[in-house]
Structures are given as structure tokens and as C-alpha cells.
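Let's take a walk through this fold, strand by strand and then helix by helix. Have the viewer open and follow along.

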Amino acid sequence: MCARPQGEALIAEFEQERSRLRAVAHRMLGSFAEADDALQEAWLRVQRADTSEVENPQGWLTTVVARVCLNMLRDRREHAHEMPDPVVDAAQEPEQLAVAKDQVGLAMLVVLDTLKPDERLAFVLHDMFAVPFDDIAPLIDKTPAATRQLASRARKRVQDRPQPNVDVPKQREVVNAFLKAAREGDLEGLISVLHPDVTLRAGSLEVVGARQVAGRASTFRRFAGTAEIREVLVGGEAGFVSWVDGELFSLMAFTVQDDRIVAIHVVQDRAQLAGLVSD
């Protein structure tokens, strides 16, 4: 009889923590739809669980969501998403741009998608949500020391990704120069704002090198006259959404270092775009 109030309190705590728990699930799964499915399953588990001995409700709920996500990752490794779902924000105000720094960029989500499920869980929970290794280890049937090693390997992969080193206004300046050159079919102009080793990823396509990427980007000129462009933040980094003939066409996210673009990620799947971008 005494466990019932504790259960009701945890359900209330779940609702209070829903945004953070969804962020945990999104970073574990890279998909908003799957994150919502994970939260629904976690909610059912919380309702069924004996919670009379739970001393740290926030930590316990995090591990419940993480366990659900781990099972989902292990089940879907053979049909993982070609491109994860980034957070897309049309923020324009300075205070919104400051908050955007806490977002996870598309480049990081792409790297997270390459990690093994246990590595991803150890890194996301420890490095992003400060969960102790002692609490993570039982979720993957490892010792805390082995869990620490998994997180360390994942951290190295994540740190090797392209990362911006300039603020959003500077990023937008470089991206706008890229867009202008692409609209004009200016190959040399495109090359001038691309890092020599720039990487472009669009689904399963990967193109490396400034001249090769510029050649791809210059084809934008074909539909530039009918394209509507809207600046957005993609995981806190500069990007834009394009519509052609009133239809969503693509989302492009850019990683800028100094005055050069070092990485471009493109989402063109219509169904995925519809879930990320509001008209």
C-alpha cells in the first residue's frame, strides 16, 4: 500500500522531466519519432514498476529511458537511419542563438550513429547527462572500468568530428557567401569558402574535397530562380532550408571553421524533412 504514492510521484516526475528525457532518447537514437516511441515505452514501464525503493527519481527515470533506447538500438542496427534528425530552429534573436550552443549538431549525430550501442549509451549518459559510470555499467552488463573505456573510445570518435570555432553570425556570413556563389554557378567562389578537405554528406553519398563539393553545389543554380531559402539553425549551427515550387526540397547544415566550410550535411528525404521543418 505504501508504494502507491511513490509510484504516483514518479509518474509526476516523469512528466516534469519529459523534455530532458526526450533529449536523452534523441541523442541515443538520432530520431525524434523513435525518441517519442522510447518515451512511451518508458512511461509504461514506470507505471508497472515497483518504485518503493527508488531514492533518486531523476536518475532512475534516465536509466529506464536509456535501457529502452539501448534495446531499440540493438534491434535496428541493420536498418539505421541514413541521416539523423537534427534540431532545426529558425531562431534570429541573440538570446535564442546563445541557447542554441547547447544543441547537438548534425555532424555529432552522424558520428553518434556510427558508434556501437554500448559505446553510444556510455558516452551519451556520462558525457552529455553526467550519469556516473557506476549507474551506467549495470545497463550494459559491464564493470564501471569497462564502461569508462567504452565512453573513452566513443569520446575520441566524437572529438575527431568537424567542429565550428566561430559564432553563429560569422557562420552565416560564410554560408551566405556559399549560397551566393552557388546561385551564380561561381565555381571559384564556392571553392574560396570551402576548406580543401571539406566533406559533403547527403544520405549515403559522401563527397570529399573543395573542387568536388563545389562541383556538386554549383548545380544549385538549376533551380535557384524558383527556390525559396530560409535561414535556420541546425543543432545550433548555421544552415538553411529550401523550397522549390512550394515543396520542401532540402535542409543543409554547415560546419564552419575560421572563414571556411569544413563539413556540409544535407537532408533531402521528404518525409524526414516534413517532421523537422514547419512551414
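Start with one rung of the ladder: Ala 227 has Val 244, in strand E5, as its bridge partner. That bridge belongs to the pairing of E4 with E5 (residues 237-244), which runs in the antiparallel sense over 8 bridges. Two strands count as paired if DSSP finds at least two bridges between them. The strand and helix labels are DSSP runs numbered from the N terminus, with helices being H or I of at least four residues and strands being E of at least two.

Before going on, a word on what you're looking at. This is a predicted model, where local features need pLDDT of at least 70 and side-chain atom pairs count only at pLDDT 80 or more, while totals for chains, interfaces and linings use all residues. Residues are numbered from 1 along each chain as its sequence is written, and side-chain values use heavy atoms, with hydrogens and water left out. The pLDDT score is the predictor's confidence in each residue, from 0 to 100; here the chain averages 87, and 88% of the residues score at least 70. Residues 1-5 are a spot to treat separately: pLDDT stays under 50 there, and the model has 3 contacts for them beyond four places in sequence. Contact means heavy atoms within 4.5 Å.

Now back to the hairpin. E4 and E5 have 2 residues between them, and in this hairpin Gly 235 takes a positive phi near 60°. On its other pairing, E4 meets E1 in the antiparallel sense over 2 bridges, with Val 88 opposite Val 234 in E4. Zoom out and you'll find an open sheet of 7 strands in the order E1-E4-E5-E6-E7-E2-E3, with mixed pairing. E1 (88-89) and E3 (205-208) stand at the edges with a single partner strand each, so one side of each is left without a neighbour in the sheet.

The parallel sense turns up between E2 (residues 194-202) and E7 (residues 260-267), which pair over 5 bridges. Look for Leu 200 there, standing opposite Ile 264 in E7. As you scan along the strands, keep in mind that in a regular strand the side chains alternate between the two faces of the sheet.

What packs on the sheet? Helix H6 (residues 106-114) does, touching E4 (227-234), E6 (247-257) and E7, and its direction makes about 65° with that of E7. Helix H12 (residues 210-217) lies across E2, E3 and E7, running at about 50° to E2. For these angles, axes are lines fitted to C-alpha atoms, for helices over the stretch in contact, and the angles run from 0 to 180 degrees between N-to-C directions.

H6 also has a helical partner. Its axis and that of H7 (residues 117-129) come within 9 Å and cross at roughly 140°. That makes H6 oblique to H7, given that angles under 35 degrees count as roughly parallel, over 145 as roughly antiparallel, 65 to 115 as roughly perpendicular and the rest as oblique. Met 108, Leu 112 and Asp 113 of H6 meet Arg 120, Phe 123, Val 124 and Met 128 of H7.

Arg 120 of H7 is worth selecting. Is this arginine buried or exposed? At 0% relative accessibility, Arg 120 counts as buried; the cut-offs are under 20% relative accessible area for buried, over 50% for exposed and partly exposed in between (1.4 Å probe, protein chains only). Leaving aside neighbours within four places in sequence, its contacts include His 26, Leu 29, Arg 76 and Asp 113. Arg 120 and Leu 29 are 91 residues apart in sequence, yet 9.2 Å apart in space, C-alpha to C-alpha.

Follow the contact to His 26, which sits in helix H2 (residues 18-29) and is buried at 6% relative accessible area. Besides Arg 120, His 26 touches residues including Asp 85, Val 87 and Leu 109. Back in H7, Glu 119 is buried too, at 8%, and is in contact with Leu 150, Arg 153 and Ala 154, neighbours within four places set aside.

Stepping back, the chain comes to 13 helices and 7 strands, and 48% of its 279 residues count as buried. Among contacts between residues at least 6 apart in sequence, 64% join residues at least 24 apart.
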